[in-house]
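Me: Please take a close look at one chain of this model for me, and describe how it is built and where its parts touch. I would like one connected account rather than a list.

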Amino acid sequence: MSSTPAYQLYPCGDHAITITWGNTITEEANQQVMALYHYLCDRKITGLLDLVPAYSSLTLVYDLAALIKKNPGRSVYGMMESQLQEAVGSVALDRDTVRNRVNIPVCYDLSLAPDLVALSEQHRISVEEVIQIHTSSTYRVYMIGFLPGFAYMGSVDERIRTARKTSPRTIVPAGSVGIAGEQTGIYPLDSPGGWQLVGQTPLRLFDVTRAAPCLLQPGDEVQFCPITLTEFYKLKEA
Amino acid sequence: MSIQVIKAGILDTVQDAGRYGYQQLGINPGGVMDRTAMRIANALVGNEAKAPVIEMHFPAAEILFEETMLVALSGADFSPRINGEAMPVHKPVCVRKGSLLTFGKQITGARTYFAVKGGWKADQWLQSYSTHLTVKAGGRTLGRTTRLFPQQAQPYGLLNQETLFEALPWQASVTGLYKEGSLRMIQGHEFDTLTQAAKETLFSSGFTISRDSNRMGYRLNGQPLQTVPTRELISTAVTRGTLQLLPDGQLIVLMADHQTTGGYPRVGHLISADMASLAQKNAGEQFSLSVVTVQEAENILLRQEMDLQQLQNACNFRLAQYLLGV
């Protein structure tokens with residue numbers, strides 16, 4: 001028997017149910033989310049359309065129209081609720097599921113890192129130290145959201161945690177690596193954004209022409225590796 | 001043979017029932033805004049419910065028929081015309097090769113759905129024909145000179161020598177499928193972040209759909225809603241119909257192209273049965289909210305599904321009979 005930490009279930013609309021382990025960003029809560037996510041991915045739940053893992057919650061989106069027609073007179077929410085409870089009871093939530101380790105080359109050249117100097121000044125450390133700190137930890141992909149392939153990763157070392165910009169940029173180039181509080185992330189597409197930009201990767205985080213369009217998956221472990229500007233442009237053209 | 005866009009509309013795209021199975025990667029489901037209209041337009045031409053259709057906003061495209069086709073329009077009424085002659089909506093219509101489809105003015109609704117027998121050919125991306133506007137994949141965005149082809153050969157012999165087009169002699173009755181008056185919601189997980197006064201305001205005062213509304217979401221203008229002091233929320237899933245409370249006290253309803261996750265309080269969720277009605281409302285229109293339980297929301301959808309199924313069956317039956325007689 002696995003221990004089942006306290007959780008809560010609630011409807012997320014009339015066609016979705018969420019299980020949450022609280023309003024917190026912790027590795028433990030996210031491990032439970034990912035363990036349950038992988039468990040449910042391997043099982044065929046009738047009418048299930050989507051599984052949406054987040055920091056400390058997992059949401060099941062289901063085809064309500066199809067399910068009510070098949071089960072008239074029954075509560076579809078109730079059916080999903082009991083299937084979810086059963087799953088939580090049978091999965092080893094404390095076991096971290098297999099994680100891919102992904103190395104991501106990042107160029108911290110100031111021409112690609114518009115917020116790096118201000119950030120180092122704010123924390124009264126050198127630019128080199130900021131880079132050293134950002135590249136010395138591994139980060140967990142807690143969840144993907146905001147944009148296709150946008151990975152929310154943590155946790156950023158306290159010495160370089162920086163709040164979002166008060167006024168977001170109207171355009172952040174794809175590949176930009178940013179910091180927002182204890183989170184770090186990479187913009188997969190050109191988009192507006194308010195994270196503090198400290199570098200850029202030449203890799204394509206999102207590519208519609210690939211069979212698997214997103215480079216990162218929830219639960220992955222990411223390591224940033226510093227590269228020079230020359231290497232950046234060489235990899236970018238590759 | 002195909003149709004060709006002679007003059008582009010403001011946002012005309014190919015859509016189907018949406019792209020599911022990828023929200024864990026932040027890829028939103030998309031699909032048609034009004035699923036009821038998609039299903040009716042498809043039923044009228046004898047298609048399966050989720051065949052790809054063209055979703056059009058006003059002003060809509062001008063379209064030249066380069067082949068005789070069996071088509072139908074459902075959803076909004078933009079007073080369609082074939083070479084200047086009124087074309088009925090919610091009816092199967094056979095249009096002659098060389099005819100021009102134009103739209104005069106917006107009479108009702110916000111989006112019209114254009115179906116062809118067999119469904120439109122478009123790009124499939126991750127098992128869906130829906131146009132993903134952000135990543136520019138799947139479906140098709142209609143610009144000037146875009147050609148679209150039906151997936152199937154069109155039935156011959158529907159038109160006699162003289163006519164430009166012929167409406168087949170039945171019409172889908174859609175009025176009962178759209179909700180009049182208030183739209184219904186269930187309470188969201190963060191409903192209780194609203195103050196008592198704000199809860200009363202939510203159900204007693206109306207909301208106006210802002211100009212700043214699109215396929216991602218409808219922003220609503222109303223009396224600002226106050227919250228009790230709460231901790232900042234971490235990101236969690238949101239769904240189609242979710243009513244998020246923005247920091248300025250205004251609401252946004254998430255629509256087809258919604259983000260997969262969000263960090264604003266979810267004070268409610270519009271029920272699935274009322275989403276088509278909202279999708280047909282334009283900026284500037286007003287509506288009020290009322291609350292139901294999850295069980296009631298399911299019951300309401302079941303009744304709507306049964307009505308829709310009956311209508312789809314009737315349309316399919318009439319068309320099959322008609323084609324046999326041709």
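Reply: What follows is a close look at chain B, from its overall build to its contacts. The model is a predicted one, and every value below is computed from it.

In secondary structure, chain B comes to four helices and 22 strands. Its radius of gyration is 21 Å, close to the 20 Å that the globule rule gives for 326 residues, so chain B is as compact as a globular protein of that length. Along its principal axes, the C-alpha trace of chain B spans about 70 × 35 × 35 Å. Of the 326 residues in chain B, 51% are buried, and among the contacts between residues at least 6 apart in sequence, 77% join residues at least 24 apart.

The chain is divided into domain 1 (3-175) and domain 2 (183-292), and the C-alpha centres of these two domains of chain B lie 30 Å apart. Where they touch, domain 1 of chain B contributes 17 residues and domain 2 of chain B contributes twelve residues. On the domain 1 side of this contact, the elements of chain B that give two or more residues are helix 1 (35-44), strand 5 (69-77) and strand 10 (108-116). By class, the residues on that side of domain 1 of chain B divide into six nonpolar, eight polar and three charged.

Turning to the interior, the largest nonpolar core has 159 residues, and those with the most contacts inside this core are B:Ala41, B:Val53, B:Val71, B:Ala115 and B:Val253. Helix 4 of chain B gives the most to this core, with eight residues. One of the residues just named, B:Ala41, can be followed further: leaving aside residues up to four places away in sequence, B:Ala41 touches B:Val53, B:Ala72, B:Leu73, B:Ser74, B:Tyr113, B:Phe114 and B:Ala115.

Finally, there is the contact with the partner chain, which takes 35 residues from chain B and 42 residues from chain A. On the side of chain B that touches chain A, strand 16 (236-237) and helix 4 (294-325) of chain B each supply at least two residues, and helix 4 of chain B provides the largest share, seven residues. The residues on this side of chain B comprise 15 nonpolar, 17 polar and three charged. Helix 4 of chain B therefore appears twice in this account, as the element that gives the most to the largest nonpolar core and as the source of the largest share of the side of chain B that touches chain A.

Notes
Residues are numbered from 1 along each chain as its sequence is written. Chains are lettered from A and ligands numbered from 1 in the order in which they are written. This is a predicted model: local features need pLDDT of at least 70, side-chain atom pairs count only at pLDDT 80 or more; totals for chains, interfaces and linings use all residues. Two residues are in contact if their C-beta atoms, placed from the backbone, lie within 7 Å. Ala, Val, Leu, Ile, Met, Phe, Trp, Tyr, Cys and Pro count as nonpolar, Asp, Glu, Lys and Arg as charged, and the others, Gly among them, as polar. A nonpolar core is a set of buried Ala, Val, Leu, Ile, Met, Phe, Trp, Tyr and Cys residues joined through C-beta atoms within 7 Å. A residue is buried if 20 or more other C-beta atoms lie within 10 Å of its own, exposed if 12 or fewer, and partly exposed in between; C-beta atoms are placed from the backbone. Domain bounds come from an automatic or database domain assignment. The radius of gyration is taken over C-alpha atoms; the globule rule is 2.2 Å times the number of residues to the power 0.38.
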